[in-house]
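The report that follows describes selected features of a single protein chain, moving from its sheet to its loops, a helix residue and an internal cavity. Please keep the sequence and the model in view while reading.

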Amino acid sequence: MARCRGRFVCPVILFKGKHICRSATLAGWGELYGRSGYNYFFSGGADDAWADVEDVTEEDCALRSGDTHLFDKVRGYDIRLLRYLSVKYICDLMVENKKVKFGMNVTSSEKVDKAQRYADFTLLSIPYPGCEFFKEYKDRDYMAEGLIFNWKQDYVDAPLSIPDFLTHSLNIDWSQYQSWDLVQQTQNYLKLLLSIVNSDDDSGLLVHCISGWDRTPLFISLLRLSLWADGLIHTSLKPAEILYLTVAYDWFLFGHMLVDRLSKGEEIFFFCFNFLKHITSEEFSALKIQRRKSLPARDAGFTLEDICMLRRKDRGSTTSLGSDFSLVMESSPGATGSFTYEAVELVPAGAQTQAAWRKSHSSSPQSVLWNRPQPSEDRLPSHQGLVEAKSSSSSSSNHSDNFFRMGSSPLEVPKPRIAALSNRETRLQEVRSAFLATYSSTVGLRAVAPSPSGAIGGLLEQFARGVGLRGTSSGTL
């Protein structure tokens with residue numbers, strides 16, 4: 001009962017032996033006493049909600065023999081759970097210190113606990129706009145660039161607060177957070193969370209907003225997908241499978257009300273997966289952080305991954321024998337005659353190696369390296385213009401936003417591809433492409449009357465078919 005709506009701290013990702021957890025914020029006195037009275041009434045008059053708990057430790061006895069105030073009791077159990085999960089860092093996404101409705105505080109938070117019960121934890125206040133703000137995202141034609149939250153609103157009273165020891169390595173000017181647009185704010189917060197979970201200590205992380213079913217799944221889902229794209233978690237899952245997991249588990253199982261949000265135009269769910277195009281670069285890679293920690297100073301220059309991440313125009317000639325590497329390129333016709341280039345093989349630039357390569361590859365690189373024809377379904381013509389219009393302005397999606405290579409079904413599990421410019425970028429793009437195709441065919445990006453079967457059921461059914469959990473003749477989930 002310590003947290004809003006009874007949504008207690010729950011571990012959802014295990015990474016490097018650390019629990020990444022989620023929850024709602026702390027319950028206020030109104031909810032706490034209301035739930036306590038409700039439980040008292042329906043429990044036959046029992047005056048202690050935990051009287052039947054068998055595992056009573058000395059810590060519990062100390063709590064009970066001290067101040068018996070209800071806040072001490074329930075928050076004491078909350079703290080006990082946090083310690084059990086080895087959580088040290090608590091990231092609060094609320095823009096308020098306390099949520100106020102009808103002039104009454106309905107929730108609280110660790111950062112304003114008057115008794116300082118959470119003083120032993122590292123508290124981070126990283127205010128992030130609530131789901132209502134994402135109606136503006138939809139009204140701006142799904143363009144997050146340039147969309148800045150109004151921090152001068154009366155109810156916004158939680159400033160950004162991050163301990164200095166967590167910020168020095170990120171090279172981010174946190175004092176400018178109120179001037180960031182939605183893209184930059186989300187990117188910087190994700191970098192912060194990744195740096196915490198990738199630190200050398202063994203402490204866990206808790207992320208929460210108010211209820212824990214909009215902003216919280218946004219960042220939990222981005223964390224999960226980012227670590228998966230680096231090959232650090234869920235290593236056996238393919239793109240469609242990790243998409244199914246995070247949609248069904250991180251969002252729907254934890255209570256995201258998609259139908260209600262769609263009816264109000266608050267499309268934070270869509271924003272999450274469309275945002276993947278903004279985190280494909282190496283600066284969001286946990287592998288890069290680990291690699292640079294382990295490299296000696298003299299070797300801290302460009303790595304192979306850094307070279308591969310360079311844009312095509314920055315690499316110079318792709319066939320010059322004087323370069324350290326020659327990149328054999330594949331050109332693929334995209335929409336309206338445009339071309340998308342993908343590096344498909346790294347060829348050492350030595351003269352003997354070049355000659356041997358030419359001898360063994362007598363035909364053109366295109367015919368040797370990419371013989372599979374592109375079926376018309378791969379281009380998704382009915383949704384192509386939609387995706388281009390919504391996401392073409394992103395600087396992180398210059399490689400393959402114009403069309404998708406997904407196979408004959410919108411959510412067919414992508415087949416293994418020859419090495420691309422960045423494995424991380426490829427994996428995230430495949431997840432995003434699968435989501436956009438499914439979302440467009442089940443929900444769409446236009447204001448329509450939503451229905452549970454057409455929204456949540458349709459999405460999950462498409463994902464289930466994509467990962468082979470359903471046949472094509474199955475009904476909705």
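Strand β2 is largely enclosed by the rest of the structure, because 5 of its 6 residues are buried. The model is a predicted one, and every value given for β2 and for the elements below is computed from that prediction. Strand β2 covers residues 18–23 and is joined by 4 bridges to strand β7, residues 204–208, with the two strands running parallel. On its other pairing, β2 is joined to β1 by 5 bridges, and here the strands run antiparallel.

Individual residues show how these pairings are arranged. C21 stands opposite L206 in β7, and C21 in β2 is also the bridge partner of P11. R22, for its part, stands opposite V207 in β7. In a regular strand the side chains alternate between the two faces of the sheet.

Which strands make up the sheet, and in what order do they lie? The sheet is open and has 5 strands in the order β1-β2-β7-β3-β6, with mixed pairing. Its edge strands are β1 (10–15) and β6 (122–125), each of which pairs on one side only. From one strand to the next, the twist averages 20 degrees.

Strand β3, residues 87–92, is likewise described by its burial: 5 of its 6 residues are buried, so β3 is largely enclosed by the rest of the structure. Five-stranded order places β7 and β6 next to β3, and the bridges agree with this, since β3 is joined to β7 by 5 bridges in a parallel arrangement, while 4 bridges join β3 to β6, also parallel. Y89 stands opposite L205 in β7, whereas the bridge partner of C91 in β6 is L124.

A second theme is backbone geometry. Most residues other than glycine have a negative phi, and most peptide bonds are trans. Against that background, several residues can be set side by side in the table.

| Residue | Phi | Place |
|---|---|---|
| K16 | near 55 degrees | hairpin of β1 and β2 |
| N171 | near 55 degrees | loop between α4 and α5 |
| H234 | about 50 degrees | loop between α6 (215–229) and α7 (239–253) |

The hairpin that holds K16 has 2 residues between its strands, β1 and β2. Is N171 buried or exposed? N171 is exposed, because its relative accessible area is 77%. H234 has a relative accessibility of 27% and therefore counts as partly exposed, a class that lies between the cut-offs of 20% and 50%.

The loop between α4 (134–139) and α5 (182–197) also contains K152. K152 has a relative accessible area of 74%, so it is exposed. Although K152 and Q178 are 26 residues apart along the chain, their C-alpha atoms are separated by 9.6 Å.

S433, by contrast, is placed in a helix, namely α15, which covers residues 423–442. S433 has a relative accessibility of 8% and so counts as buried, the limit for that class being under 20%. What does the side chain of S433 reach? The side chain of S433 reaches the backbone oxygen of Q429, at 2.7 Å.

The last topic is enclosed space. How many cavities of 30 Å³ or more does a search of the whole structure find? The search finds 4 cavities of that volume or more. The second largest cavity has a volume of about 40 Å³ and is lined by 10 residues. Among these lining residues, Y137, A144, N274, K277 and H278 lie nearest the centre of the cavity. By class, the lining of the second largest cavity divides into 5 nonpolar, 2 polar and 3 charged residues.

Note on methods:
Residues numbered from 1 in each chain as written. Predicted model: local features only at pLDDT ≥ 70, side-chain atom pairs only at ≥ 80, totals over all residues. Heavy atoms only, no water. Buried < 20%, exposed > 50% of the residue type's maximum accessible area, 1.4 Å probe, protein only. 1 Å grid on protein atoms, 1.4 Å probe; cavity = no way out; pocket = protein on both sides within 12 Å on 5 of 7 lines; lining within 4 Å. Points joined across faces, edges and corners; volume = space filled by probe spheres on them. Nonpolar A, V, L, I, M, F, W, Y, C, P; charged D, E, K, R; others polar. Polar contact = N/O pair within 3.5 Å; in protein donor to acceptor, adjacent residues only side chain to side chain. Pairing = 2+ DSSP bridges. Axes fitted to C-alpha atoms, helices over the stretch in contact; angles between N-to-C directions.
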